[in-house]
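Please open the structure in your viewer and keep the selection tool at hand. The tour moves from one selection to the next.

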Amino acid sequence: MRFIQKLKKAIAKNNSLLCIGLDPDLKKLPNSLTKSIDSVLEFNRRIIEATHNFICAYKLNSAFYEALGPKGFEILKATIELIPKDIPVILDSKRGDIDSSNEMYARSAFIEFGADSITVNPYLGVEPLKPFTKFRDKFIFVLILTSNPGAFDFQYVKCKGKFLFQRVSEKFVNLSNVGFVVGATRGKDIKLVREVSDEKLFLIPGIGAQKGSLELALKYGVNKDKVALINVGRAIIYASNSSDFAQKAKEKAIEFKEKINKILAQL
Ligand code: OMP
């Protein structure tokens, strides 16, 4: 099934725009689990079981798996396989290279790991990203305006009267199966990206640990169908450090889902 259809179904089924970031860090695993690589899969399994009815997607940042060495790749694949088939999986690996290398990155994400979507870096241009977009059932999220302070180094550089991030978004606006990553911490600047298209799907990280504004993220981030993906990682998966971590993650997920829906109802 196409990513967008799968996402729409998951949003409708769970009445949620929440995407949980499954970014497991060995040092932060709850005390009830041993701080060993094998516990990571158990941690993910418990979080998925507890939260999958309250979210519309999971985003897995590949760095957290690659950092575990060869076993991390197995855990990444096993985690994707644990996610119910009706919930879309975004592999956040921020890929982007020349086209022949992107062919391999796309194969890895979509065929070997079975992800429905991937995050990509636009720095090498639009054309080299074709190996990703040619997978018509899949979806790519292009980094446009990031949540970190480093966003100001390049993304806000003025380029022919506009910010570079606006110019980058304009380049991708007419491509299908392409959405934008826009950081919640960018507040009202999200509007500048939304002005480029009222249809594009935004993936919005930066809520919770990075303290982005959920209100502004939704106000400026949703498209004309009132849809955006709100990603929350640490603020949910590390809600508790004890044996009740999955239950607490579930409670946090419900809290975020309800907050999102309350704000949406007022838009
Ligand atoms: P938390 O801060 O724990 O909610 O996690 C945020 C997640 O979103 C991490 O996986 C980041 O790598 C990712 N992210 C950002 O935080 N900022 C961005 O601008 C873009 C991303 C991303 O592409 O997902």
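The stops below begin at the ligand, go on to the nonpolar core, and end with some single residues. Keep in mind throughout that this is a predicted model.

**Stop 1: the ligand**

Select the ligand and display what lies around it. There are 16 surrounding residues, and the closest are Asp23, Ser147, Gln210, Gly233 and Arg234. Sorted by type, the shell holds five nonpolar, six polar and five charged residues. Now colour the strands β2 (57-61), β3 (89-95) and β10 (229-232): each of them gives the shell at least two residues.

Next, look at three oxygen contacts. Choose Arg234 and find the N or O atom of its side chain that is 2.7 Å from an oxygen atom of the ligand. At Gly233 the partner is in the backbone, where an N or O atom lies 2.9 Å from a ligand oxygen. At Asp92 a polar side-chain atom is 3.0 Å from an oxygen atom of the ligand. How much of the ligand does the protein bury? Taken alone, the ligand exposes 510 Å², and 89% of that is buried by the protein.

**Stop 2: the nonpolar core**

Hide the ligand and turn to the largest nonpolar core, which has 84 residues. Helix α12 (residues 245-266) provides the largest share of this core, with eight residues. Which residues have the most contacts inside the core? They are Leu22 and Leu229.

Select Leu22 and show its contacts, leaving out residues up to four places away in sequence. Among those it touches are Asn44, Ile47, Ile48, Tyr58, Leu60, Tyr65, Ile83 and Ile237.

**Stop 3: Phe139**

Go to strand β5 (residues 139-145), where Phe139 lies. Is Phe139 buried or exposed? Its relative accessibility is 4%, so Phe139 counts as buried, the limit for that class being under 20%. With residues up to four places away in sequence set aside, Phe139 touches Phe3, Ile4, Phe110 and Leu201, among others. Add Arg2 to the selection: Arg2 and Phe139 are 137 residues apart along the chain, while their C-alpha atoms are separated by 8.3 Å.

**Stop 4: Ala63**

Select Ala63 in helix α3 (residues 63-66). Ala63 has a relative accessibility of 43% and therefore counts as partly exposed. For a distance across the model, add Ile263, which is 200 residues from Ala63 in sequence and 32 Å from it in space, C-alpha to C-alpha.

**Stop 5: residues in loops**

Find Ser16 in the loop between α1 (3-14) and β1 (18-21). Ser16 is buried, with a relative accessible area of 1%. Beyond its neighbours within four places in sequence, Ser16 is in contact with Ile11, Phe54, Ile55, Cys56 and Lys257.

Move on to Lys211, in the loop between β9 (202-204) and α10 (214-221). Lys211 is exposed, with a relative accessible area of 73%. Then select Lys226, in the loop between α10 and β10. Lys226 is partly exposed, at 35% relative accessible area.

What is the phi of each lysine? For Lys211 phi is near 65°, a positive value, and for Lys226 phi is near 60°, also positive. Most residues other than glycine have a negative phi, so a positive value is worth a look.

Technical notes
Residues numbered from 1 in each chain as written. Predicted model: local features only at pLDDT ≥ 70, side-chain atom pairs only at ≥ 80, totals over all residues. Heavy atoms only, no water. Near = heavy atom within 4 Å. Polar contact = N/O pair within 3.5 Å; in protein donor to acceptor, adjacent residues only side chain to side chain. Areas by Shrake-Rupley, 256 points an atom, 1.4 Å probe, with all protein chains shown as cover. Helix = DSSP H or I, 4+ residues; strand = E, 2+ residues; numbered from the N terminus. Nonpolar A, V, L, I, M, F, W, Y, C, P; charged D, E, K, R; others polar. Core = buried A, V, L, I, M, F, W, Y, C linked by side-chain atoms within 4.5 Å. Buried < 20%, exposed > 50% of the residue type's maximum accessible area, 1.4 Å probe, protein only. Contact = heavy atoms within 4.5 Å.
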